[in-house]
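Biologist: I have a model open in front of me and would like to learn how to read it, one feature at a time. Could we go through it together?

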Amino acid sequence: MNRKLFLKNATILTGASILPVSSVFAQNVQNNGLDKLTDDNGNFIQSALPYNDNFLEPFMDQETTHLHYTFHHGGAVKAANKDLAMIRKSMDENNLETVDYWTKKLSYHFSSHVLHSIFWTNLTNKKTNPEGQLLKDIEKDFGSYDKLKAYIAATSKNVDGAGWGILGYQPYSKKLTIMQCENHEKLTQWGVVPLLVIDVWEHAYYLKYKNKRNDFVDALFNIINWDNVAERLNTAKKLA
Ligand code: MN3
């Protein structure tokens with residue numbers, strides 16, 4: 001049995017526990033460190049969840065993770081491909097009457113795909129803290145980790161309607177920055193590379209937390225994967 005086949009079978013055997021996180025992460029990332037969001041033809045693809053859907057229990061329940069990944073993130077990927085196809089069709093047929101509609105839709109659906117892809121990798125099943133260069137940058141740009149936590153929590157909790165709280169790296173100012181995103185694509189700063197994204201759409205928490213968005217945001221700090229955030233910062237600085 002070759003190594004690849006052995007690893008595949010080993011994955012099946014351990015399927016009841018957790019998936020081999022490092023290899024799934026590796027498959028989800030391209031050589032330049034960016035998430036793999038498209039295939040070779042430029043069509044959007046959804047990478048595998050880097051863990052089983054019960055991995056984030058009890059802070060994020062299995063049913064929410066399953067529905068969220070399969071139907072909300074998955075639905076956005078399908079819709080983004082349709083938007084892309086409709087734009088290509090408009091261009092091919094020289095009929096630009098509805099191209100602005102599909103362009104707006106693509107911004108919404110593709111942004112959803114980007115943020116959800118980052119979201120899954122931002123989470124793990126244990127409490128971690130920022131370390132090393134990431135911690136240094138947090139202290140430089142926000143004063144302390146506690147101040148950053150309070151800032152991004154307040155920003156996430158107070159999104160009007162559906163949206164995200166986002167910690168990003170802004171290459172133009174060479175600083176970490178916080179954004180409060182509405183829907184998936186509004187209130188961005190051009191150029192920002194998202195590092196940590198907090199989904200506060202109701203589909204992210206309503207089954208378990210009901211109307212208590214604040215409790216959900218507070219609970220997330222038990223499962224944030226700060227190692228992933230640190231890797232993303234490292235990549236963002238290289239891309240900038
Ligand atoms: Mn979502």
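Modeller: What follows is a short tour of a predicted model, going from a metal site to single residues, rings and a cavity.

Biologist: Let us begin with the metal, then; which residues coordinate the manganese ion?

Modeller: To read a metal site, one looks for the N, O and S atoms within 2.8 Å of the metal. In this model the manganese ion is held by NE2 of H68, NE2 of H116, OD of D199 and NE2 of H203, at 1.9 to 2.2 Å. Along the chain, these donors follow the spacing H-x47-H-x82-D-x3-H.

Biologist: Is D199, one of those donors, buried or exposed?

Modeller: A residue is called buried under 20% relative accessible area and exposed over 50%, with partly exposed in between. D199 has a relative accessibility of 0%, and therefore counts as buried.

Biologist: How would I apply that reading to S111, and where is S111 found?

Modeller: S111 belongs to helix α4, which covers residues 99–121, and because its relative accessibility is 18%, S111 counts as buried. Once neighbours within four places in sequence are set aside, S111 is in contact with L106, H184 and E185. The C-alpha atoms of S111 and N183 are 9.1 Å apart in space, although the two residues are 72 apart in sequence.

Biologist: And what is the case for A154?

Modeller: A154 sits in helix α6, residues 145–157, and its relative accessible area of 35% is why A154 is described as partly exposed. Between the C-alpha atoms of A154 and D218 there are 9.9 Å, while 64 residues separate the two along the chain.

Biologist: Turning to the rings, how many aromatic pairs does a search of the whole structure find?

Modeller: Two rings are paired if their centres lie within 6.5 Å, and the search finds 11 such pairs in the whole structure. Ring pairs also join Y69, F119, W120 and W164 into a cluster. A charge may sit over a ring too: K208 lies over the face of Y209, at 5.9 Å from the ring centre.

Biologist: Finally, which residues line the largest cavity?

Modeller: A cavity is a space where a probe fits but cannot get out, and the search finds one of 30 Å³ or more, with a volume of about 80 Å³. Its lining includes N28, D35, K36, Y69, H73, S117, W120 and T121. The elements that give two or more residues to this lining are α3 (62–92) and α4, and α4 gives the most, with three residues.

Key
Residues are numbered from 1 along each chain as its sequence is written. This is a predicted model: local features need pLDDT of at least 70, side-chain atom pairs count only at pLDDT 80 or more; totals for chains, interfaces and linings use all residues. Side-chain values use heavy atoms; hydrogens and water are left out. Donors are N, O and S atoms within 2.8 Å of the metal (3.2 Å for Na, K and Ca); water is not among the atoms, so sites may look incomplete. Buried means under 20% relative accessible area, exposed over 50%, partly exposed in between (1.4 Å probe, protein chains only). Helices (H or I, at least four residues) and strands (E, at least two) are DSSP runs, numbered from the N terminus. Rings of Phe, Tyr and Trp (its six-membered ring) pair if their centres lie within 6.5 Å; planes under 30 degrees apart count as stacked, over 60 as edge-to-face and the rest as tilted. A charge sits over a ring if NZ of Lys or CZ of Arg is within 6 Å of the ring centre and within 35 degrees of the ring normal. Contact means heavy atoms within 4.5 Å. On a 1 Å grid over the protein atoms alone, a cavity is a set of points where a 1.4 Å probe fits but cannot get out, and a pocket is an open set with protein on both sides within 12 Å along at least five of seven lines; lining residues have an atom within 4 Å of a point. Grid points are joined across faces, edges and corners, and a volume is the space filled by probe spheres set on the points.
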